[in-house]
Amino acid sequence: MAGTIDAKALRDAFDDGAELAVIDVREEGVFGRSHLLRAVNIPLSVLELRIRDLVPRAAIRLVVIDDEDGLSQRACKILTAAGYNDLSILQGGVQGWSQAGFELFSGMNVPSKVFGEHIEHRYDTPNISAEDLKARVDAGENLVILDSRPMNEFHRMSIPGGIDSPGAELVRHVRDLAPDPDTLVVVNCAGRTRSIIGAQSLINAGTPNRVMALKNGTMGWHLAGLALEHGADRQYGDVSQTALDWSLDAAAQVARKYGVQSIEADTLREWQGQSKERTLFVFDVRSPEEYEIGHVAGSRHAPGGQLVQATDRYVGTANARIVLIDDTGVRATMTASWLIQMGWTDVYILKDGLTHLPCEAGAFISPVPEVTALTVPSLSVDELDPDSMTVIDLGTSLAYRDGHIPGAWWAIRSRLVDALTRMPESRRIVVTGSDMRLVQLGAADLASLTDAEVLVLEGGTDAWRAAGKPMEEGFTSLAADKEDIYYLPYDREGTVEEAMNQYLTWEIALIEQIKRDGTLVFPEFGP
């Protein structure tokens, strides 16, 4: 049975140094409009799919937040069944926090975003405008543009001539990508955070080159009226011995400055044995390709740059232990240095990375007992007749917009009761989407809400597309409001430029808002 906690008691809990998980179970789009700074968003729709990754220890103090709309009570039933036994619901929900005089934030990954702004103010990270960079490129100046985002984002849009080098890779590869110390190195991302952190990483590591962050990233480039490149796949190559040797020395220097500690394999085994008493996250910060070839058994993939850029997407327990792994220690050390500066005190790197522990290959698959226990009837792509059956798509609203089974209704799992009132009655309902685990959970929910026969589409929408079946685009049949995800400027309807300006203004203003909040204070280090 879940108890309750008032805003003042929760505010005090943020400062007591003990492990704490604060989970906001509203849909991401709702969360993005207004939430507590240090709350982690796990929408009720995907709670079973994500809770064990983000909050792996069942005995943790766990506070659940909603808009006093019943979501917290529904979430607590799921959490109790999953073994979580120290549950509280925030009295008054999000508005209760505000009414107590505490700050609310908009946007996503806010602790990481505001950290980037803090770093720029703290170190006065040099930056260059899009117009200045374009003039230098046109003049043929000696420079290189390094994009600190993952390849999928780089491929979608990039600065012409840029080279993809995600955040944790920068120090490891910079001597190969800019071997001439007179080469200007410009680091960019889509907006600000990864540009700032990436550029400052190179500066902290003692890169001999002049380093600058591209002000406002690809958004700044677009807003300056400059053309972006689409479909590029340029990226760093194999690291040379010269570059590796330099990066090892640079990482050692960073480790000394920020107090990055390493542990032996025996210590990690010991901590893994204490997982019921103390939360432990073990992350492999290398590239996705390296991770899938082979990684320490049980470790999860979290590319270093993304772990810093969106820490709350990987870690849902405050004051937990975090162990980072790579092959040489360079990427793990650089990532750890940033987490320490963010205020994570128990961050370590595994000495000799992949050498002394059992390894496994392939992607990490989170166990979801709730799905394993289900037996949901299904039908094949060839058996599906959208004209005689009601199809419900539980994929994201963006995925639905970009392509769905003709006639399919789009819905949100947590709002299926309302969705049924928006759709015509049907004797046969087929549930589809891109994540078959979510599809099965949603179908099981529907079966308890209607007398109709409920089935899942084998392979989901991906199987329909792969079979060459017709697809429909647009928001044609909505059984829910589009609040399942927080739309980025590039994804919003209407004027993209207006959305970009709003986003950049919001990001810059975070530095003052965090001061009013007071629940997140970044430690200070010497120059």
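Visitor: What makes strand β7 and strand β9 a pair, and how many bridges join them?

Guide: Two strands pair if DSSP finds at least two bridges between them, and 5 bridges join β7 (residues 143-147) to β9 (residues 184-188), which run parallel, so the definition is met. One of the residues involved is Ile 145, whose bridge partner in β9 is Val 186. Strands here are DSSP runs of E with at least two residues, helices are runs of H or I with at least four, and both are numbered from the N terminus. This is a predicted model, in which local features need pLDDT of at least 70 and side-chain atom pairs count only at pLDDT 80 or more, while totals for chains, interfaces and linings use all residues. Residues are numbered from 1 along each chain as its sequence is written, and side-chain values use heavy atoms, with hydrogens and water left out.

Visitor: Why are β6 and β8 said to stand at the edges?

Guide: The open sheet of 5 strands has the order β6-β10-β9-β7-β8, with parallel pairing. Because β6 (127-128) and β8 (163-164) each have a single partner strand, one side of each is left without a neighbour in the sheet.

Visitor: What makes both faces of strand β5 count as covered?

Guide: Buried means under 20% relative accessible area, against over 50% for exposed and in between for partly exposed, with a 1.4 Å probe and protein chains only. In β5 (residues 87-90), Leu 87 and Ile 89 on one side and Ser 88 and Leu 90 on the other are all buried. Strand β5 also pairs in the parallel sense with β1 (residues 3-5) over 3 bridges, and Thr 4 has Ile 89 as its bridge partner.
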